[in-house]
Amino acid sequence: KTLRWSSPTDVTTLDPYAHTESFTTSMLHHVFDPLVRRGRTLELEPALAVSWKNVKPDTWRFELRRDVKFHNGNPFTADDVVASFARLLDPGARARGNIATVRKAEKVDDFTVDIVTDGPYPLLLNDLAGVYILDKEWMEANGALKPGNIATGVTTAASTTAVGTGPFKVESYKPDAGTNFVVNPDWWDKPQHNLTRIEFKPVKSDATRVAALLSGELDLIAPAPLQDLGRIGSASGFKVIEEPSLRLIMLSLNFRPELKAMPGQKNPLLDPKVRQAMWHAIDMETIKKRVMRDKSRNTGTLVAPPVPGYAKENDAILAYDTNRAKALLAEAGYPNGFKVKLNCPNDRYINDEQTCVAIAAMWTRAGIQTELQTESRATYFPRQDRGEFDVSMVGWATLPPMDGFSVLSSLLAAQKDGHGGSNSSTYTNPKIEELTRKSASELDETKRRGMLVEALKVAHDDVAYIPLHQQPVAWAVRDGVDVPQFPDEYVRLWFATIK
Amino acid sequence: MFKVILSRIGQAALVMLVVSAVSFVMFRYVGDPVASMSRENAPIEEKQALRRSLGLDQSFVVQYGGFLKRTLSGDLGISYRNQRPVTELIAERLPATMELVIVATFLSLALGIPLGVLCALRPSGAAARLVQAVSLIGISTPTFVTGIVLILVFAVTLGWLPSFGRGQVVEIGWWSTGFLTWSGLKSLILPGITLALYQLTLIMRLVRSEMIDVLSTDYIRFAKARGLPMRYIHFRLALRNALMPVITVTGLQIGSLIAFAIVTETVFQWPGMGLLFIQAVSFADIPVMAAYLLFVGLLFVIINTIVDILYAVVDPRLRARSA
Amino acid sequence: MNTLASPNLIMRIGAPISVMLAALLALVIVGCALLAGWLAPYDPTDLSTFELINAEIPPAFTADGDSRFLLGTDNQGRDLLSAMMYGARVSIAIGGGAVLLAASIGVFLGLIAGYFGGRIDALIMRIGDVILSFPTILLALLVSGIARALFPQAGTAEWAPLILICAIAIHEWVQYARTVRAATMVETAKDYVKAVKVIGLPGRRIMLRHILPNVMGPVLVIATINLAAAVLTEATLSFLGVGMPPTYPSLGTLIRIGNEFVFSGIWWIALFPALTLVLLVLAVNVVGDWLRDRFNPKLRVKR
Amino acid sequence: MSNRQPPVLEIDNLRVEYPLANGGLFTAVENASLIIQPGEIHALVGESGAGKTTIGNAVMGLLEKPGRIASGSIHIGGKLLDPTSGSADGVVLGRDVGAVFQDPMTSLNPLFTVESQLTETLRTHLKMDRAASRVRALELMKAVGIPEPERRLKAYPHQLSGGQRQRVVIAAALSCDPTLVVADEPTTALDVSVQAQILKLLRDLADNRRIGILLVTHNMGVVAQIADRVTIMHRGKVVESGPTAEVLRHPKAEYAKALIGAVPRIDMRLDRFPVVGEEAKGRAADAREAIRAKAFRADATIDGSEILSVENLCVDYVTSGLIPGSKGHRFRAVDNVSFKVRSGEVFGLVGESGCGKTTIANVVAGLVKPTSGRVLYQGKPVAGEGGIRRVGPLRQAIQMIFQDPYSSLNSRIRIGSILAEPILFYRLAPSRAEAESDVAQLIEAVGLDADSAGRYAHAFSGGQRQRLSIARALGARPRLIVCDEPTSSLDVSVQAQILNLLKDLRDATGLTLLLISHDLAVVRQMCDRIAVMKSGKLVEEAAAEALFQSPQHPYTQELLSLVPTLDRIRGETEVA
Ligand SMILES: Nc1ncnc2c1ncn2[C@@H]1O[C@H](COP(=O)(O)OP(=O)(O)OP(=O)(O)O)[C@@H](O)[C@H]1O
Ligand SMILES: Nc1ncnc2c1ncn2[C@@H]1O[C@H](COP(=O)(O)OP(=O)(O)OP(=O)(O)O)[C@@H](O)[C@H]1O
Ligand SMILES: [Mg+2]
Ligand SMILES: [Mg+2]
């Protein structure tokens with residue numbers, strides 16, 4: 001049984017260590033297995049490792065699964081794990097950062113390995129769920145022991161051939177035209193799917209993808225465009241499946257001394273009252289209803305519910321209240337409002353441009369004269385990184401670790417010591433700095449979560465970002481196709497069944 | 001002969017030098033590969049390291065110099081996105097685009113010229129007016145709309161033709177062709193029409209406009225006086241005199257279709273040069289873009305040389321000049 | 001022997017009904033665009049009037065319509081009719097401006113290249129080759145990027161059109177140049193050009209006064225057709241973030257936005273702007289064809 | 001002779017109208033009737049613009065678009081021509097009716113070789129195959145006397161001289177043995193020897209094949225030599241018609257008398273050309289006077305000093321092949337020609353068609369670069385191997401009148417503007433209004449209505465266009481005019497007026513003329529000295545009278561002997 005499906009993005013490379021893209025990682029998961037993986041409810045569960053324990057605060061010991069075979073027939077052993085880690089830890093590996101804290105992997109015996117980290121590190125298992133194991137013999141035979149890197153253009157045999165232990169084997173790989181998989185009959189796990197073959201065809205254009213589904217050329221499209229869900233749902237023989245995604249959309253506020261819109265004047269956004277006023281001025285209910293077609297979930301905090309760090313009490317939205325907003329602005333010394341530029345991508349998040357137009361209109365009504373500019377992701381993100389925007393849209397899904405710590409570390413902490421990678425707004429708060437550093441090495445999960453919650457509360461009260469909503473994941477399938485959906489937007493077809 | 005070729009080669013080299021320089025300037029404005037290559041929670045140090053490893057921290061002159069040196073030694077780099085040597089990528093994508101362009105150009109010439117002649121012969125006839133109006137509607141509708149409408153009608157509603165992709169292709173050496181399989185041929189129809197529409201209208205109207213002029217000349221009257229069949233007069237004698245702008249425009253169009261059939265290729269997910277290019281742009285895949293633009297520069301020099309030679313083929317009065 | 005019938009006004013202008021209608025149509029569209037500020041029921045560029053609640057209301061004449069919005073509203077709650085009027089203004093300014101600029105540059109350089117030939121011809125044509133090597137969109141990105149770097153207000157609704165015009169024209173002139181060059185080469189070989197050369201007229205004057213009218217045919221055709229392309233290019237550029245801000249949509253942008261909703265049955269957002277564009281292009285082409293024939297004295301009397 | 005055979009052409013009360021752009025109506029032909037029997041050559045003569053070409057076009061159903069047959073009938077071979085469709089049942093253009101158009105330059109499609117244009121007719125009508133049609137085309141080329149026919153078959157029209165093109169057009173018209181040939185000034189571009197050859201060919205066809213020929217011409221000598229009957233037209237009306245001898249010897253209508261009186265004589269030189277009703281054309285005469293006055297220049301002296309000197313001039317044409325750079329064919333059109341022209345003289349250049357006259361004219365005018373040798377104007381080089389140097393006053397000083405009136409006027413600019421151009425450019429008139437009146441004067445001076453200024457070139461007959469291009473050259477008030485067959489498309493009366501004008505200008509202002517012509521009578525009347533060319537070489541140069549009285553070179557002698565004159569009228573010789 002063949003499943004034909006499509007998404008707008010394509011598989012970048014077959015070398016799992018040469019890239020950091022989540023879509024490619026998700027696709028390669030069909031071919032490779034990690035030591036631990038996420039199950040049907042996204043809980044971490046054994047995969048190539050059957051059990052693990054902390055032997056020292058910085059050393060984890062993994063017991064490996066026996067009788068596992070690679071697609072080429074080679075047996076899976078500790079050597080493969082050690083070679084894979086060595087390959088990933090190579091400075092040339094593009095995905096090196098995914099296990100930034102891992103120092104090395106050591107063979108204990110044929111089916112036991114130790115993984116040593118830089119000091120105590122609570123999120124190791126989360127990270128390992130993204131580390132796929134390659135076959136050492138194959139790498140040796142094909143000169144692929146060193147990793148490829150899409151950034152530097154280093155390629156190896158592994159860039160176009162994938163030999164893993166996973167549920168499917170790559171049959172053919174043609175960028176932009178399609179990638180085909182066939183089932184691996186010798187998979188170590190008991191298959192929950194009934195597929196014999198997967199044909200993946202990237203289709204960039206939304207409308208074409210929908211059309212191809214409706215014309216019966218595809219069984220599944222992921223994602224399906226929001227505005228077409230109604231039509232697909234009402235067409236006979238097709239259905240829409242949806243679920244809130246982990247991805248939260250928020251507005252990043254510039255904390256530099258000046259705004260681009262008002263050169264030479266003090267940045268009004270530095271005043272928390274102004275930030276609250278801006279939040280109060282946004283009518284998220286209407287945006288949800290009109291722009292997001294009731295598919296989104298409005299949020300008051302910076303992480304989604306399933307993610308560690310989420311707390312109901314933080315998830316409080318400042319109510320839409322233009323008068324209150326105006327009052328706050330007056331209190332802050334801007335009775336006549338001020339000027340601000342709002343920048344948004346128009347091809348990255350679901351209905352991003354529409355959301356921003358709506359917000360610009362709402363702010364203008366509240367007295368904040370908003371000049372909106374939208375652009376394509378290719379130019380938007382570099383500019384955002386350079387801190388060129390006053391207010392801009394950010395989406396955050398806490399991936400790959402799927403943990404609230406990612407928000408602290410990347411969005412809230414200042415840019416130093418390896419933190420603040422996406423905090424281009426230069427927001428800083430001493431309390432958050434402290435909590436970020438403490439939680440980074442806290443092995444006690446309850447305490448750690450407490451710290452995350454506390455930090456996110458600070459961020460909420462201080463309006464470090466204005467959270468907007470949680471995006472939906474919407475897929476469309478033809479009847480008879482059953483695929484589970486995941487808030488991390490991964491496609492896991494080893495759970496799929498078709499009739 | 002030798003001198004002509006030499007000077008053309010020299011000019012081509014110059015064109016490509018300028019193209020490469022301009023494209024390097026341009027990359028500052030079309031995005032930063034670092035942003036699209038970084039994972040979500042990459043710390044700032046990691047991004048900087050990436051920028052360094054890409055050589056993006058160096059000055060423009062150094063980057064450009066390095067690029068030129070590599071290019072001259074025949075190394076056009078490896079695509080960030082596709083992990084393949086750029087030359088190989090372009091060679092791989094060329095057949096898809098070429099076949100599409102051949103179909104589109106064939107369609108636009110095969111329909112555009114006769115329709116243009118028809119419109120010139122009976123400028124106020126009902127058929128001519130209808131054809132002209134329809135073609136104008138065709139071009140003032142954006143390609144993405146036309147493409148989608150065609151897909152909706154022929155793929156979704158009628159189910160006759162595939163909505164995307166190339167169908168089954170046959171490999172002949174490094175060339176992959178869709179002409180030899182039924183599904184390959186069917187896949188060519190919709191994108192071919194979509195791509196041809198603009199050209200078709202342009203060619204039709206140019207032919208019409210020039211034909212009207214030519215038909216009032218003495219040599220056409222003399223041809224009539226010799227009793228030559230009307231079809232022969234219109235399609236062989238007069239048409240040839242009307243062809244100059246058509247040749248120019250067709251040449252230019254073929255060039256830009258090969259290079260930049262971006263929208264059509266995106267709508268139909270046609271794995272050709274346009275798609276390669278647009279993906280490279282949205283990914284800020286600088287090696288692909290740079291090499292690609294060089295290729296296109298070369299392409300245009302070649303096409304325009306051929307067009308210039310064609311002028312001389314069509315119009316003997318220009319032969320002295322073209323030599 | 002020379003009996004003069006008394007010709008009435010219509011005869012004097014000599015345009016057939018279809019041309020008159022087309023001209024009228026073009027006038028109406030252009031007029032509505034120019035007078036958008038007075039004619040449009042709402043000001044779609046005033047952000048404070050946007051009411052998301054009103055989004056996607058169908059046209060007034062349909063069952064679910066709302067009499068406040070004759071042609072319905074777009075996805076932001078803007079009155080579509082008003083948005084179209086303002087949008088047409090942007091599109092006509094940018095499309096028309098770009099075509100005019102491109103045609104002027106192209107015709108000028110084409111004449112020079114075709115008339116003088118040799119080095120200058122090679123130079124102009126190779127510059128053309130360079131420009132052709134970049135897609136319009138990339139070149140426009142470059143132009144507006146540089147413009148932005150030079151002066152910061154380039155992105156605003158007032159300045160963006162100018163930049164867009166330059167950005168589009170900088171690519172499009174090549175087509176005119178090459179076409180005109182080819183035609184000029186043919187014309188230059190004819191006796192009437194020789195005749196004025198012997199009179200001793202300078203090249204400039206020969207080109208502009210004598211050759212130009214004889215090579216304008218294809219230029220008019222390409223220009224009238226390119227108008228549509230330029231309007232749509234503007235939409236693409238706006239999408240890429242180098243054009244008009246989304247709060248000031250052009251016709252092309254409206255079509256692009258509307259296109260996303262066609263599947264979901266919200267047809268009016270795309271249909272009306274597209275219709276306007278089609279009608280505009282149609283009208284311009286009909287009038288353009290007629291003008292072209294008028295320009296040609298041989299066809300003057302023919303109907 | 002079987003008179004039961006229907007006449008090949010019968011025109012009865014024909015009226016042709018051109019609706020004008022301003023809503024008016026122009027009647028080009030009014031109540032014209034004529035009959036041509038098989039084997040008869042019928043000459044149609046008359047003033048330029050009288051409607052001769054229009055009649056020919058009407059017969060072939062090829063009237064220029066708005067033009068239409070308003071009344072009257074045309075029968076071809078007894079079959080009625082349908083005035084709306086312009087065709088008669090069973091009569092095939094090209095097979096049954098052959099046409100020679102007035103203008104050889106534009107009758108041939110510039111993009112096709114002579115061969116393809118000749119053979120396509122044969123293949124269409126006679127269903128010949130490629131090889132057979134080529135053989136026949138070669139025969140035809142020989143029949144019309146084109147030298148090196150094999151090579152010229154492969155040539156493109158622009159590579160042929162005016163006369164050669166004219167002969168190709170004739171060959172094409174005759175290729176399918178039509179029963180009726182409409183020949184519109186078939187020999188104007190030809191030198192006398194070729195003309196004689198063509199005329200003989202036409203006569204033979206008429207006599208042996210019983211072809212009827214409608215021959216439009218300005219050359220009364222030609223009429224006298226071969227026509228059986230003559231019709232004289234004036235302003236759209238037939239003023240006289242009858243057997244050649246009768247009409248030529250005893251013209252009855254005023255106009256006919258004047259026309260015949262105006263024929264230039266070859267046997268003696270007159271001071272001025274006799275002119276048709278000069279008195280009647282008072283306005284034109286006044287205008288001419290004004291121009292003469294304006295052109296008067298203080299520096300103009302007829303001192304006999306050397307004004308133009310052509311030294312060892314050679315011009316090669318290289319026909320390049322299709323592939324750029326491939327070895328082309330090199331053809332020497334002008335071979336080591338030297339001559340000097342003195343200030344104020346009329347220097348004649350005669351010779352067979354294709355001998356390089358136009359080429360020399362082009363070199364002098366600065367349009368063609370010589371391969372070697374040079375041209376000096378008042379001692380200063382204007383053209384040489386290095387290129388063409390014409391600066392400042394030199395440009396104004398040398399003007400040219402082109403052989404081909406059809407393509408030398410820009411079809412998109414009003415006549416008035418074309419003529420005003422040199423006047424305004426050289427600031428010869430203080431104001432625009434002044435320039436306009438100058439233009440009006442020029443137009444009247446060449447015998448056209450001043451309101452022609454508002455029209456475009458296509459609305460004029462061949463002769464009228466030629467007069468306009470003469471007016472344009474005069475407008476620049478040059479010192480030297482290179483006249484490339486300035487009057488070959490003019491009727492004798494207008495020709496006389498124009499030549500008189502040029503002559504007068506010469507006398508009054510010291511204008512120098514380099515006159516190229518086929519019409520030896522004209523040459524004799526006009527020129528002071530004459531050079532005779534053959535195949536690119538200068539074979540004889542002598543004072544005009546000397547040359548005509550005692551030609552030295554055999555070629556010159558041959559030319560002179562072949563000139564058709566009014567003295568040898570066909571009807572009479574037959575009778576005699
Ligand atoms: N297309 C036209 N529109 C208006 N008037 C025209 C047109 N063509 C010719 N005429 C006019 O008709 C008249 C007759 O023209 P025609 O060409 O028949 O003259 P012709 O006798 O052949 O003169 P020539 O000997 O100079 O060639 C002229 O006065 C000319 O101006
Ligand atoms: N562009 C050209 N390429 C090749 N050969 C040419 C070209 N132009 C003219 N010739 C040839 O040069 C010769 C001289 O031509 P030219 O036009 O000077 O003749 P001409 O004396 O004016 O003849 P006519 O009296 O018939 O006009 C002819 O044999 C012609 O075939
Ligand atoms: Mg005539
Ligand atoms: Mg000549």
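## Two ligands and two domains in chain D

In this predicted model, an oxygen atom of ligand 1 sits 3.0 Å from an N or O atom in the side chain of D:His218. Let's build out from there.

**Exercise 1.** Work out which other side chains make polar contacts with ligand 1, and how much of the ligand the protein buries.

*Solution.* Start with the cut-off: a polar contact here is a pair of N or O atoms within 3.5 Å. D:Thr54 passes, with a polar side-chain atom 2.5 Å from a ligand 1 oxygen. D:Glu185 passes too, at 3.3 Å from an oxygen atom of ligand 1. Now the area: ligand 1 taken alone exposes 640 Å², and the protein buries 94% of that.

**Exercise 2.** Describe the shell around ligand 1: which residues come nearest, which elements supply it, and what is its make-up by class?

*Solution.* There are 20 residues around ligand 1, and the nearest are D:Ser48, D:Gly49, D:Thr53, D:Thr54 and D:Gln102. Next, look for elements giving at least two residues each: strand S2 (25-36), helix H1 (52-60) and helix H15 (462-475) of chain D. Sorting by class gives six nonpolar, 11 polar and three charged residues.

**Exercise 3.** Explain why ligand 1 can be placed relative to the domains of chain D.

*Solution.* First, the assignment: domain 1 covers 9-261, and domain 2 covers 285-301 + 347-364 + 389-561. Both domains give residues to the shell around ligand 1, so the ligand lies between them.

Then check how the domains of chain D meet. Their C-alpha centres are 27 Å apart, and the contact takes 23 residues from domain 1 and 25 residues from domain 2. The area buried between them is about 1,800 Å², with 53% of that from carbon and sulfur atoms.

**Exercise 4.** Repeat the analysis for ligand 2: contacts, cover, shell and domains.

*Solution.* Contacts go first. An N or O atom in the side chain of D:Arg152 is 3.0 Å from an oxygen atom of ligand 2. D:Lys357 uses a backbone N or O atom, 2.7 Å from a ligand 2 oxygen, while D:Thr358 brings a polar side-chain atom to 2.4 Å from an oxygen atom of ligand 2.

For cover, ligand 2 has 630 Å² of accessible area on its own, and the protein covers 91% of it. Helix H5 (162-174), strand S13 (329-342) and helix H11 (357-365) of chain D give two or more residues to the shell.

By class, the ligand 2 shell holds five nonpolar, 13 polar and three charged residues. Finally, domain 1 and domain 2 of chain D each contribute at least three residues to this shell.

Technical notes. Residues numbered from 1 in each chain as written. Chains lettered and ligands numbered in written order. Predicted model: local features only at pLDDT ≥ 70, side-chain atom pairs only at ≥ 80, totals over all residues. Heavy atoms only, no water. Near = heavy atom within 4 Å. Polar contact = N/O pair within 3.5 Å; in protein donor to acceptor, adjacent residues only side chain to side chain. Areas by Shrake-Rupley, 256 points an atom, 1.4 Å probe, with all protein chains shown as cover. Helix = DSSP H or I, 4+ residues; strand = E, 2+ residues; numbered from the N terminus. Nonpolar A, V, L, I, M, F, W, Y, C, P; charged D, E, K, R; others polar. Domains from an automatic or database assignment. Contact = heavy atoms within 4.5 Å. Buried area = accessible area lost by both parts, 1.4 Å probe.
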